[in-house]
Amino acid sequence: MKKEFNKIKPYVYWIKNNITTIKYIGVRWKNVRLKKTPVQDFGKTYFTSGTLEKDFKKNPDNFRIKFISTFDTVEEARDYEVKLTKKMYPYTKNKNGQM
């Protein structure tokens, strides 16, 4: 786990909607194929995924973002994102509706 946000690497980030207080942990690796660092990518060519994307594009000042870490491989980044999400949201239901 590194904090090399000015290097072209997969990364994990945190985003929070300051109005609704919704928080999201995400992972991004397409920036590597686009040859963009996390700093060059997030909020410029990538605007998160899911329900926050449209609002973030429209009202970026309503959001707080934080780069968590960069990784040497996509697998490391994905594994860390899953681990961090489980740690932040330990009681989230899985696909089968179980906790």
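Is Y11 buried or exposed? Y11 is buried, with a relative accessible area of 0%; buried means under 20%, exposed over 50% and partly exposed in between (1.4 Å probe, protein chains only). Keep that residue in mind for the views below.

A note before you look: this is a predicted model, where local features need pLDDT of at least 70, side-chain atom pairs count only at pLDDT 80 or more, and totals for chains, interfaces and linings use all residues. Residues are numbered from 1 along each chain as its sequence is written, and side-chain values use heavy atoms, with hydrogens and water left out.

**View 1. The whole chain, with its 4 helices and 3 strands.** Start at the N terminus and you'll meet the elements in the order β-β-α-α-α-β-α. Helices (H or I, at least four residues) and strands (E, at least two) are DSSP runs, numbered from the N terminus. The C-alpha trace spans about 40 × 30 × 20 Å along its principal axes. Of the 99 residues, 31% are buried. Take the contacts (heavy atoms within 4.5 Å) between residues at least 6 apart in sequence: 64% of them join residues at least 24 apart.

**View 2. Y11 meets F67, one of 12 aromatic pairs in the structure.** The Y11 and F67 rings sit edge-to-face, 5.6 Å centre to centre with 80° between the planes. Here's the rule: rings of Phe, Tyr and Trp (its six-membered ring) pair if their centres lie within 6.5 Å, and planes under 30 degrees apart count as stacked, over 60 as edge-to-face and the rest as tilted. Y11 belongs to strand β1 and F67 to strand β3 (residues 63-70), so this pair ties together parts that are 56 residues apart in sequence.

**View 3. Y13 and F42 make a tilted pair.** Their ring centres are 4.7 Å apart, with 55° between the planes. Y13 is in strand β1, while F42 is in the loop between α2 (38-41) and α3 (53-58), 29 residues apart. Y13 is buried, at 1% relative accessible area, and F42 is buried too, at 4%.

**View 4. Ring pairs build a cluster.** Among the members are Y11, Y13, F42 and F67, which you've already met, along with F5, Y24 and F56.

**View 5. T21 sits in a loop.** Look for T21 between β1 (11-17) and β2 (23-28). T21 is partly exposed, with a relative accessible area of 48%. M88 is 67 residues from T21 in sequence, yet the two are 14 Å apart in space, C-alpha to C-alpha.
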